Amino acid sequence: MSHDSRTAPRICPLCEATCGLTLTIEGTTVTGARGDRDDIFSRGFICPKGASFGGLDADPDRLRVPLVRGDDGELREAAWGEAFDRIAARMPDLVKARGPQAVGVVLGNPNVHTMAGSLYPPLLLGALRTRNVFTASTLDQMPKHVSSGLLFGDAHAIPVPDLDRTDHLLLIGANPLESNGSLCTAPDFPGRLKALRRRGGTLTVIDPRRTRTARLADRHVAIRPGADALLLAALAHTLIDEKLADPGPLAEHLEGLDELAAALADFTPEAVAAACDMDADTITAIARELAAAPTAAVYGRIGSCTVEHGTLASWLVDVLNILTGNLDQPGGALFPLSATARAPRAAEPGTRNAAPGKGFALGRWSSRVSGHPEAKGELPIAALAEEIDTPGEDRIRALVVIAANPVLSAPDGDRLDAALADGLDFMVSVDPYLNETSRRADVVLPPPPPSQSAHFDFAFNSFAVHNQVRYTRAAVPLEDGRMDESEIHARLILAVSGMHGAPPSAVDDLAVDTALTRAGAPKELAAGLTGESGPERRLDLMLRLGPYGLTLEQLLAHPHGIDLGPLKPRLTEVLRTRSGRVELLPDPIAADLPRLRRALGDRPAPLVLVGRRHLRSNNSWMHNVGSLTGGSNVCTLQIHPDDAARLGLADGDTARIESSGGGIEAPAEITDTVRSGVVSLPHGWGHSRPGTRMSVAAAHPGANVNQLLDGTLLDPLSGTAVLNAIPVSVTPAH
């Protein structure tokens, strides 16, 4: 380290693990990143993504100034003032002429990795008053939000496995050794699973691939893709049928237990065995092991969410935790309590039950073209293209895209790409790159690199396996010519709402005033808030109103975080159902079970496709970092040796893959880590479209797996695109 080097703490923003980093900085350049050994949550753990922080931060392809489309149709660099002038001149008039539903908003995965992406989009949606909201959730986690909403009355009340205290962990559709965890914020997930094994615990993994996580397991079962809900239903049936179900103290908070038993009566191990391609005795054994464990937790993720019965599978995960008495119990699955959460609710007077809440409703409105019901205020992102290119009243004519690349991440990118090019009157993109989607925008607003931004995890602290709170200010000053991401969002809100020219602080002042009103707190509290910026003042307020009564000053005094203790039972605090109880068999779930029953008789396709995660990647937005290319982070079609021999494919041959949405080509990787009858391609590739400025990604483009999908196959309850267990044909390319 040179004499002018320094170090700075920084929470890693590159995946859901939220590890603490120690950055080495030369001048204003990040030259290294290592795990922060003093971080109270991650204790020095780091993965390849975190180690690449400097490379991503200094990527020469990152945009530094706005781009505005000129009269010649080409994007050119522009001053910040000109960019916001253009938005203010177009968007309010369009909304006035066409109505608020003529505007769509798309929010991508990286939004939850930044303070600005968490704080400002709700204000933008309030300003635009549009119901045409599309997010990455309907490509990923929406089934879990919907099932939690139906069970607990709150779509954000998602229990997480108590990894550090459980005796038995059942993972289905999850590969945390490569994803680092999802809807379960757990730095060093690998170390936590190894610790489970060392203390004599049991790890069971259900996955059609022998992943790194599966190789660590006591029992790995290679289920037929898409059969997750059938297996989980059979496990629940077995617990009930063999009188192994014992909710324990949960019983007084449950509604519908008898109805649940009747609803699952047909899903015996013998009935589901063929569809799951599992032995019935194995299913029974797994159920008995769950029931016999002193504590246990069932955890399902994207592999069990992005299938035809994703919401049912997500519901059944929690049904199993409830039936075994492990929901809301140490060592089971508990509800984290973040430092910025709403204050806990009191129990019903005179009882231990929760007070009745507003409950959770689906389908409060529907999409214009196909009539897809909304879920959690969102429409399926798979329907975005048709909402743009289908004529009619309320057709989307303007789009605001924030940190999203749906041309790659959503089904049928070719149709969406054409819709963005020809079907819109105006488009704004907030993105650091000119990627496959932002290249179609009329205005591109680039946020600064992460080293120049403060960081707080509003979303992921709500899914943390240990209650804690950490905040880091920007590690280096904002570069000349850059604009802080929070200011970009604030000015965008002002521009679209007809308040262009007002100070950005007006947006934060309004947010503070609204928060105080909703909390019933005195308005005088605003004068005592500290912080160097609007976002910091808002954070300070949320901490003060939160369950621990913390302040921003306390966080700044503890740069490596504050330990708030292990997860604790708090079910009655989170319940928002109308009954004030856990509603085990909600009407939408009961209405969807016949569809699952019909799947018992389905004949499986000869060959189906599943996705896979890479430790050195995160969807489409990290493929331009040179240090993360190569190794296992490649876009290959994994195929079992028996299937390869049958199809005439040799390792490295180019394979042609076709499905309902079209065809793509990818190199074949012959491996027995994927079961026969299954092929696997990673998500987020296909960087071959012209007009982008991502040189590393373009040099290693890969194939866009989502082009195999036409966007019509969705989980009906959540609107989530079916990305796994897709029937495909594979042939040698000619």
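Which residue just after helix 10 takes a positive phi? In this predicted model, that residue is Lys243, with a phi of about 55°.

Helix 10 itself covers residues 228-241. At 1.5 Å a residue, its 14 residues should span 20 Å, and the C-alpha atoms at its ends are 20 Å apart, so the expected and modelled spans agree. The helix is mostly covered, with 12 of its 14 residues buried. The buried residues include Asp228 and His237, along with Leu230, Leu231, Leu232, Leu235 and Leu239. Ala229, Ala233, Ala234, Ala236 and Thr238 are buried as well. An α-helix has 3.6 residues a turn, so residues three or four places apart point the same way.

A positive phi also appears in a hairpin, the one formed by strand 2 and strand 3, where Gly27 has a value near 65°. There are 2 residues between these strands. Strand 2 spans residues 20-26 and strand 3 residues 29-35. The two run antiparallel and are joined by 6 bridges. Within this pairing, Leu21 of strand 2 stands opposite Gly35 in strand 3. In a regular strand the side chains alternate between the two faces of the sheet.

The cysteines come last. The structure holds 0 disulfides. Cys15 is in no disulfide, and the nearest cysteine sulfur, which belongs to Cys47, lies 5.3 Å away. A disulfide here requires sulfur atoms within 2.5 Å, so a separation of 5.3 Å does not qualify. Cys15 is buried, its relative accessible area being 9%. Cys635 is buried too, at 10%. Both values fall under the 20% limit, which is why these two residues count as buried.

Key: Residues are numbered from 1 along each chain as its sequence is written. This is a predicted model: local features need pLDDT of at least 70, side-chain atom pairs count only at pLDDT 80 or more; totals for chains, interfaces and linings use all residues. Side-chain values use heavy atoms; hydrogens and water are left out. Helices (H or I, at least four residues) and strands (E, at least two) are DSSP runs, numbered from the N terminus. The expected span of a helix is 1.5 Å times one less than its number of residues. Buried means under 20% relative accessible area, exposed over 50%, partly exposed in between (1.4 Å probe, protein chains only). Two strands pair if DSSP finds at least two bridges between them.
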